[in-house]
Amino acid sequence: MTGTALAGPEAVAGPRSEDCLPKPARSAPAREASKGSEVDISLAGKVALVTGAGPNIGSGIALALARYGAKVACNDLELEAAKAAVRRIERNGGTGMALSGDVSVEADVLANLAEVLGAWGRVDIVVNNAAWLHASHILDEDLASFNRAITIAVNGNFLYTKHAALAMIERGIKGSIVSILSSNAWQGAPGFIAYATHKGGLANFVRAAAMDLAPYGIRVNSFTPTAPRPDNPELLAQWRAEGRTELRPPSRETGSRPAWWRETGTFDVRGQIPMGEPATPTDIGHCIAWLSSDYARLITGCDFVVDGGARAKYWAYTPSGDAAGPVPLIPLDTTSEADLG
Ligand SMILES: NC(=O)c1ccc[n+]([C@@H]2O[C@H](COP(=O)([O-])OP(=O)(O)OC[C@H]3O[C@@H](n4cnc5c(N)ncnc54)[C@H](O)[C@@H]3O)[C@@H](O)[C@H]2O)c1
């Protein structure tokens, strides 16, 4: 769908010294054939499963995988959320299946996978997206909430990665598994103690699982969203109706504070992006679709960001705000808020 001009061998700087590795010999016809042809990044024939396919990032990833040609099963704890993700896929010309299940319950994971395998005969791509965005300061957090947040994320990633990999191995499928992390996997932010614990743990889960599954040709990578700007028209309409603009979930109401309580700082999400523009779930979807394609066949154990340079930024540097911005977004949802009434 998104054809890209294939860079010919001329695009690569030639070897400058004798200690460079020799380039593989390419025949004149092969060189000629590569000139001017286009790469079609297609997931046609593949089956994907996205967990936690709620209206924000999960639905965006599911839609992208469908637009790139995969059949997409959408899991969520809330069946209605999974059905909404499927309706979005279908009105954009794709094929989807709604599944209800708790990613941290093994029987649900096995049942969901069995439904996909029964209907479509295979699973090639799994995106472990479900999480509980539970924001709590360490001095407020209680053990039950801490455990619940960690159980959903850690058990969900473990169970889906294990059982999907077994299904792939049984069918000789060299698939792709992607865990959705967060900046909280890599950096400390106040008020996210459980979230930071499980996202940080999953960053190394991905590398370890990548090693276990490498001999089978199954790749395991992660993607780190950085507070993307929602772009699902249904979600935007809902937020508009609610008068909500806040991107982060409101902090838990903790009642009155003791006299010794010290406030933490503030977040400036938009002012820290060198390219001046936040990513959207559509940007995330483009990246994960490519990462899940066979073009990424040797990429495993890696983390990806689409953040306009935010994570690469030196911590003390604040961009001027005078950025030209990136090229326009290539949209994947052909509907708009107006179409939805
Ligand atoms: N929104 C952000 O700014 C942001 C930033 C960084 C990372 N992330 C990560 O991206 C992913 C998606 O974020 P989002 O903003 O779309 O979240 P969201 O809360 O809108 O969606 C999460 C979905 O997961 C589902 N879910 C929760 N527990 C589940 C369970 N046990 N089994 C199955 N489904 C379950 C929920 O019902 C919901 O639909 C999460 O992993 C989140 O941690 C989000």
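**Exercise 1. Determine how many residues of helix H2 (residues 57–67) are buried, and state what follows the helix.**

Solution. The structure is a predicted model, in which local features need pLDDT of at least 70, side-chain atom pairs count only at pLDDT 80 or more, and totals for chains, interfaces and linings use all residues. Residues are numbered from 1 along each chain as its sequence is written.

Step 1. Helices (H or I, at least four residues) and strands (E, at least two) are DSSP runs, numbered from the N terminus.

Step 2. A residue is buried if 20 or more other C-beta atoms, placed from the backbone, lie within 10 Å of its own. Eleven of the eleven residues of H2 are buried, among them Ile57, Leu63 and Arg67.

Step 3. After H2 comes Gly69, with a positive phi near 115 degrees.

**Exercise 2. Establish the strand order of the open sheet and identify its edge strands.**

Solution. Step 1. Two strands pair if DSSP finds at least two bridges between them. The seven strands run S5-S4-S3-S6-S7-S8-S9, with parallel pairing.

Step 2. Strand S5 (96–100) and strand S9 (303–304) each pair on one side only, and are the edge strands.

Step 3. Five bridges join S7 (residues 176–180) to S8 (residues 219–223) in the parallel sense; Val178 has Asn221 of S8 as its bridge partner.

**Exercise 3. Describe the shell around the ligand.**

Solution. Step 1. A residue is near the ligand if its C-beta atom, placed from the backbone, lies within 6 Å of it. Of the 25 residues around the ligand, Gly52, Gly54, Asn56, Ile57 and Ala131 come nearest.

Step 2. H2 and S4 each supply at least two shell residues.

Definitions and conventions. Buried ≥ 20, exposed ≤ 12 C-beta atoms within 10 Å, placed from the backbone. Nonpolar A, V, L, I, M, F, W, Y, C, P; charged D, E, K, R; others polar.
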